[in-house]
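Me: I should like to learn how to read the features of a structure such as the one shown below. Please begin with the terms.

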Amino acid sequence: MSAAETAAAVRAGRRSAKDVAEAALADIAARDGAFNCFTAVTAERARAEAAAVDAAVSAGRDPGPLAGVPVAVKNLFDVEGLATLAGSKIERDKSPAARDAFLLRRLRAAGAVLLGALNMDEYAYGFTTENHHYGPVRNPHDTGRIAGGSSGGSAAAVAAGLAPLALGSDTNGSIRVPASLCGVFGLKPTYGRLSRGGAYLFAASFDHVGPFARDAADLALAYDAAQGADPDDPAQQWREAAPVSPLLDAGIAGLRIAVADGHFARNGHAEAFAAVAIAARALGAAARVSVPEAARGRAAAFLITMAEGANLHLPDLRERPDDFDPMTRDRFLAGALLPASWLVQAQRVRAAYRARVLPLFDEWDLLLTPATPYVAPRIGQDTVEVDGEAVPVRPNLGVYTQPISCIGLPAVAVPLADPGAAGAPGGLPIGVQLIAAPWREDLLFRAARALERAGVAGSPTPPR
Amino acid sequence: MNDHTEFDAEGYARGTAALVGLALDPRHLPGITANLRLAARMAAAVQGLPLTPADEPAPIFVAGRDAPG
């Protein structure tokens, strides 16, 4: 059942939030062992929150647009009473969070019921969620494969149907990559749109937060509920809320949509480009444009991320390096050693790259690219052949997302309803990425919905 | 494009680590040097874009702003 259907049934008194929560908790208990999405299940809290929603309905009050909808959050979001793990062992011993993260407070205020916290790459530094401390998240479409990362638990929980909505974070692609590999919708809004208050930072220059869902309408519900000004996030732009749900079915007539060429037409496998071709046909996007300096933008994001992440963790890197996940530790240690001139150059290149890209949106409303270069690799896989060369499989997963988050453009990963139509190996999920000008999330949603209505986009059902 | 990707990554790591108070465990060095070499390739890419003195870094400091109403 979708989030929208659940909320409608609960608000109308046709179904109790308690029943919804109990069913979700039982489902997690029965099935999450196969996927390893949850690192904490907040069962008692879920029951109490569901009871409060039911009490509101009984009293004739409206619990909100997410009435009784079960949600789960990447474990870098503060959850009152839980230590905020951010995928680490180190944070396990820290004090429990005194209150929920801003985004979770917003969803709760809309009537949502928290099911628990979700697995991720340690400190969000990865694209695979092969977490050394908590085990890998397994892709619901093939449990021998990764779910993507770093919000792997979020994407897999939604794909598996353990929760209709989840929250994640995206610094270089950590929402869009797992969304593509698990076959769900994932939104990375404009940098500064949604508050990161109470979310554990990774690389503040690029840290974004956003929702996952199995259809565009649910994604819009979560995004609309999450909007709001938060004085605790210094990077948030305090703009008026801009709800997208009312605009979902506005269609794409008149929208100028182009397929990104160059960097976005290399570095991947055939299924990634076939997925773009299928979406382009449905959107009437015949033109191809070059995103200038995309590879340099990616390189700038790579260096800034490395340095900012390393600096954040320098005290622990000095005192207890062996308590880090080996996968992230050596990246952080190297990041602590980068020459300052590389960093300043990268921040200047970032601004120059933005200045070259933004004029594209004078001519185009939306750009279309692959979301990931290939379908989900196997857990433990180190290399993959791309353009005739063996490349490291993990960093290359962000090859199309990293140049976009580098300059804060809003983007949505949209899954193909039938990945087999794109020749995806084993029919595994794959998505496309839609990109808009800053603050034009509304256009992303209209196009995602149009693809859904055309039968091109949709969340494929995993095998049971 | 400047190419500084051929360098003594291990020597660089050892020397710089002392400056930032990191005592590198020899077991971690292969991973650190591999990541430094990858970073050097990325640095070569960003150093290859011609910039002018007017090209400011992306982060802009804000002295203060009104809280949301």
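Reply: A residue is called buried under 20% relative accessible area, exposed over 50%, and partly exposed in between (1.4 Å probe, protein chains only). This is a predicted model, in which local features need pLDDT of at least 70 and side-chain atom pairs count only at pLDDT 80 or more, while totals for chains, interfaces and linings use all residues. Residues are numbered from 1 along each chain as its sequence is written, chains are lettered from A and ligands numbered from 1 in the order in which they are written, and side-chain values use heavy atoms, with hydrogens and water left out.

Me: How is A:Asp261 classed on that scale, and which residue does its side chain meet in a salt bridge?

Reply: A:Asp261 counts as partly exposed, at 28% relative accessibility. A salt bridge is a side-chain nitrogen of Lys or Arg within 4 Å of a carboxyl oxygen of Asp or Glu. Here the partner of A:Asp261 is A:Arg288, at 3.3 Å from N to O. A:Arg288 belongs to strand β12 (residues 288-289) of chain A and A:Asp261 to the loop between β11 and α8 (270-283), so the bridge ties together parts 27 residues apart in sequence. Helices (H or I, at least four residues) and strands (E, at least two) are DSSP runs, numbered from the N terminus.

Me: Which residue forms a salt bridge with A:Arg47, and where do the two lie?

Reply: The partner of A:Arg47 is A:Glu22, with the closest N and O atoms 2.6 Å apart. The pair links distant parts of the chain, 25 residues apart: A:Arg47 is in helix α3 (residues 43-58) of chain A and A:Glu22 in helix α2 (residues 17-31) of chain A. A:Arg47 is partly exposed at 32% relative accessibility, and A:Glu22 is partly exposed at 26%.

Me: What is the accessibility of the two residues in the bridge between A:Arg99 and A:Asp232?

Reply: The closest N and O atoms of A:Arg99 and A:Asp232 are 3.0 Å apart. A:Arg99 is partly exposed at 43%, whereas A:Asp232 is exposed at 51%.

Me: How many salt bridges are there over all chains, and how many between chain B and chain A?

Reply: The structure holds 29 over all chains, and the count between chain B and chain A is one. That bridge joins A:Asp322 to B:Arg27, with 2.8 Å between the closest N and O atoms. Salt bridges with shared partners join A:Asp322, A:Arg329, A:Asp330, B:Asp25 and B:Arg27 into one network.

Me: How should the rest of the interface be read?

Reply: Contact means heavy atoms within 4.5 Å, and it takes 39 residues from chain B and 40 residues from chain A. Buried area is the accessible area (1.4 Å probe) that two parts lose on being put together, summed over both. Chain B and chain A bury about 3,300 Å² between them, 69% of it on carbon and sulfur atoms. On the side of chain B, B:Val46, B:Leu49 and B:Arg65 lose the most area to chain A, together 19% of what that side buries.

Me: What can be said of strand β10 of chain A?

Reply: Strand β10 (residues 208-213) of chain A is mostly covered, with six of its six residues buried. Two strands pair if DSSP finds at least two bridges between them. Strand β8 (residues 165-170) of chain A pairs with β10(A) in the antiparallel sense over six bridges, and strand β9 (residues 185-188) of chain A runs antiparallel to β10(A), joined by two bridges. In β10(A), A:Ala213 is the bridge partner of A:Leu165 and of A:Phe185.
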